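The exercises below are meant to be worked with the sequence and the model side by side. Try each task before reading its solution.

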Amino acid sequence: MDTQALLHTFISLYGDPENKPELYFAPGRVNLIGEHTDYNGGFVFPCALQYGTYMLVRKTDEASIKLASVNFPEKNSFSADTQIERQPVRWFNYPLGVMDQFIKRGISMTGMELLFYGDIPNSAGLSSSASIEMVTAFALNELLDAGLERIDLVHMAKRAENDFIGLNCGIMDMFAIGMCEANHAIFLNCHTLEFKLVPVLIPGFKLVIANTNKQRGLADSKYNERVAECQLGVVYLSRIFDLSRLGDIGYPQFFKVQEKIPDEVIRRRVRHVISENQRVLNAISALLKKDLIQFGALMNASHESLKENYEVTGFELDTLVDEARKVPGVIGARMTGAGFGGCTINLVREESVDRFIRDTGEGYATITGLTADFYVAEIGDGVRKLVTL
């Protein structure tokens, strides 16, 4: 990131070159395994990326809050003293939703100027929205002397997504962005919020993200639909077990009683969630044993369940995974994120990365007519303040 170019853009927008803004960064995240389990109180295993959202911010003596982004043409300005309301321009609502959470805690806004820049591909399933929310929360916590803990900021970002944006997501994205450390993934129980940082030691291999570049137009509505289906699954299973979420029971228990769920679609949704929880446990065990072949096999099984049981993959994601698995040296390939487009995560032998990108990209383009983008992922730190400009 060229911070001087970003500073120049900020000054061009807002003037006053002698009064330098502060620079903050929040990463995106990729989930190695454990998909659509977070809002069911299950297990996830995400890590933070080197890509993310940069935010320049400067307090002012004016009573207005100004928003702008390098990535989008729209700008906004509103009074710091008025009630915050949803805006028709979607990206505005991510920082505004966080500001709304501060106000609800009795922390008043002040005049400020903000400029965002993100190098996460939009709508790719790498949590660009949570990245914006977390960088805003972290920066405001310092600027307003709010004195909140990181875990408070994580909860506030989630509530902004649930209450202000209207997406019934779980806490995984915000938690990973807020709490992860470089070269580690985070094993998180999304119900209790107990977590453990697990070293990701994959000598001879690389994690490569592939973006379908398929716009995820159905993602939000289908996401909320899956949440509702899982809640119905809880209703069925609570007639047999004492539980309030799907994460409360293990796969051996479910396997014995799954036919008690009369609705076949709901049964498959539940089967995915509960089996995916077990795959997370097995994958971490494999990683700690340095058994990357088994880890890759579990990634593959995760994708098949997301395709057959949860039905959130789609033509483009399935094609990208199928083409990846044809390349020698690819030992694991799965969709990551909400689905219906977005990205895959692939575990690839280091010497095969160039061939993987070439062959997978060519095969995907031939079949879909779309051009995939590829990113060799480095596992970075969570949200933080960068050096003062």
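**Exercise 1.** Decide how far helix α2 is covered, and check its span against the expected value.

Solution. Helix α2 is mostly covered, with ten of its twelve residues buried, where buried means under 20% relative accessible area with a 1.4 Å probe and protein chains only. Among these buried residues are Asn93, Tyr94, Pro95 and Phe102. The helix itself, residues 93-104, is a DSSP run of H or I with at least four residues, while a strand is a run of E with at least two, both numbered from the N terminus. For the span, the rule is 1.5 Å times one less than the number of residues, so the twelve residues of α2 should cover 16 Å, and the end C-alpha atoms are indeed 16 Å apart.

Two notes on the source apply throughout. This is a predicted model, in which local features need pLDDT of at least 70 and side-chain atom pairs count only at pLDDT 80 or more, whereas totals for chains, interfaces and linings use all residues. Residues are numbered from 1 along each chain as its sequence is written, and side-chain values use heavy atoms, with hydrogens and water left out.

**Exercise 2.** Classify the ring pair of Tyr24 and Phe138, and locate its two members.

Solution. Rings of Phe, Tyr and Trp (its six-membered ring) pair if their centres lie within 6.5 Å, and planes under 30 degrees apart count as stacked, over 60 as edge-to-face and the rest as tilted. The whole structure holds 14 aromatic pairs by this search. For Tyr24 and Phe138 the centres are 6.1 Å apart and the planes stand at 65°, so the pair is edge-to-face. Tyr24 belongs to strand β1 (residues 22-31) and Phe138 to helix α3 (residues 128-143), so that the pair links parts of the chain 114 residues apart. Both Tyr24 and Phe138 are buried. Elsewhere, ring pairs join Phe72, Trp91, Phe92 and Phe116 into a cluster.

**Exercise 3.** Describe the lining of the largest cavity by residue and by class.

Solution. On a 1 Å grid over the protein atoms alone, a cavity is a set of points where a 1.4 Å probe fits but cannot get out, and lining residues have an atom within 4 Å of a point. The lining consists of Leu32, Val200, Ile202, Leu207, Leu287, Phe295 and Leu347. Sorting them gives seven nonpolar, no polar and no charged residues, where Ala, Val, Leu, Ile, Met, Phe, Trp, Tyr, Cys and Pro count as nonpolar, Asp, Glu, Lys and Arg as charged, and the others, Gly among them, as polar.

Conventions:
Buried means under 20% relative accessible area, exposed over 50%, partly exposed in between (1.4 Å probe, protein chains only). On a 1 Å grid over the protein atoms alone, a cavity is a set of points where a 1.4 Å probe fits but cannot get out, and a pocket is an open set with protein on both sides within 12 Å along at least five of seven lines; lining residues have an atom within 4 Å of a point.
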